[in-house]
Amino acid sequence: MSITPLAAVPPARLVTAPDFRGRLGRDARSGHYAVPHRYRLHLSTACPDGLRLAVGHALLGLADSCPVTFLPALPDGRDGGHAELRPLYEASAHHYRGPALAPVLSDDWSGRIVSTHARDILRDLDRFPRTCKNPLFPPGLESVIESVERMCAEGIEEAAQRAGRAGAGPAERAAALDALLDALGRLERRLAGEEYLADGRLTAADVELWVSLVQLDLVHRCHLDASAVQRIAEHRALWAYARRLAGHPAFGRHLDLDGIARRHQGHCQGLEAAGAAVQILDWAAHASGSPDASRR
């Protein structure tokens, strides 16, 4: 198992944690092969990457073959990480002193980390033997899924952050909002008359987009003005799609609204704007089996 050298890690990760990029192969020669009962996921569903993995894991039906350890919404370690993950980090990186961050795919046989890269982990979970017949990454759809991943990362999440960034000038915020609305418009047109994003079936593309829409409404919206949120909410097909997926048990039961709010409050350094009062979806009303739904 190897760690990406620090020189190859993007600057944002240099101050957080080493980037473990081990992969699961399909046979023993890979070192880490997709065998049941060997690996474990550690994640917080308040974190976007953790939520993606929790939904994907549930869709694949891997509860027995790859168990999940759910972590608190806010890290509880003195270093800013999760105390429960520190032994894994210390066993996997010599003299490790940084925060023990989630998500993590660990190897129970060795007691070490395989990967901390959420998109790699989701692809590797798709390699596991399973009773579910439908893969998250069907052959022939990889390019479509990667396109959706880029659109969500750049066109939705990054654009929404720039549109609500404290200290940004009006022109910068307007340009970012235009980029966000353009991405939402393209996705709206794609979903017009379609149930899912790719080939009429539920794939990793839908997991990616749904989590991005959750973040857009529950987190990024709080830093936008009310008129911007109203323009975002006008994408009727997109939000109907988000609402429908929230009713799917694999999605809705992992939607921890309280945890997402607490994580946002704990991490956010921006200013609240009028959009905070203009919620797009009543997620608690639509989420099937969510922790918040069970308390209603």
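## A tour from a helix crossing to a four-stranded sheet

Start by selecting helix α7 (residues 204-218) and helix α9 (residues 236-246): their axes come within 10 Å and cross at roughly 105 degrees. This is a predicted model, in which local features need pLDDT of at least 70, side-chain atom pairs count only at pLDDT 80 or more, and totals for chains, interfaces and linings use all residues. Residues are numbered from 1 along each chain as its sequence is written, and side-chain values use heavy atoms, with hydrogens and water left out.

Axes here are lines fitted to C-alpha atoms, for helices over the stretch in contact, with angles from 0 to 180 degrees between N-to-C directions. α7 and α9 are therefore roughly perpendicular to each other. (Angles of 65 to 115 degrees count as roughly perpendicular, under 35 as roughly parallel, over 145 as roughly antiparallel, the rest as oblique.)

Now show the side chains at this crossing. From α7, take Asp206, Leu209, Trp210, Leu213, Leu216 and Asp217; they meet Leu238, Trp239, Tyr241, Ala242, Leu245 and Ala246 of α9. Contact means heavy atoms within 4.5 Å. The residues of this contact divide into ten nonpolar, no polar and two charged. (Nonpolar covers Ala, Val, Leu, Ile, Met, Phe, Trp, Tyr, Cys and Pro; charged covers Asp, Glu, Lys and Arg; the others, Gly among them, are polar.)

**Next: Gly164 and Arg162**

Select Gly164, in the loop between α5 (142-163) and α6 (170-191). Gly164 counts as buried, at 11% relative accessibility. (Buried means under 20% relative accessible area, exposed over 50%, partly exposed in between, with a 1.4 Å probe and protein chains only.) Leaving out residues up to four places away in sequence, Gly164 touches Arg173, His223 and Leu224. Measure from the C-alpha of Gly164 to that of Glu272: the separation is 9.0 Å, across 108 residues of chain.

Step back to Arg162, in helix α5. Arg162 is partly exposed, with a relative accessible area of 28%. Its contacts, again not counting residues up to four places away in sequence, are Ala168, Arg173, Ala176 and Ala179. The C-alpha atoms of Arg162 and His220 lie 9.6 Å apart, with these positions 58 residues apart along the chain.

**Next: the sheet**

Switch to cartoon view. Four strands form an open sheet in the order β2-β1-β3-β4, with mixed pairing. The edge strands, each paired on one side only, are β2 (68-70) and β4 (112-115). Neighbouring strands are turned by 35 degrees against each other on average, direction ignored. Two strands pair if DSSP finds at least two bridges between them. Helices (H or I, at least four residues) and strands (E, at least two) are DSSP runs, numbered from the N terminus.

Select β1 (residues 39-43). β1 and β2 run parallel, joined by three bridges; look for His42 opposite Thr69 in β2. On the other pairing, β1 and β3 (residues 104-107) are antiparallel over four bridges, and Leu41 stands opposite Leu105 in β3. Four of the five residues of β1 are buried, so this strand is largely enclosed by the rest of the structure.

Add helix α2 (residues 48-60), which lies across β1 and β2 and runs at about 135 degrees to β1. β1, α2 and β2 make a right-handed β-α-β unit. To check the hand, point the strands away from you: right-handed means that the path from the first strand over the helix to the second runs clockwise.

**Last: the whole chain**

Zoom out. The protein chain has 13 helices and four strands. Of its 296 residues, 52% count as buried. Among contacts between residues at least 6 apart in sequence, 71% join residues at least 24 apart.
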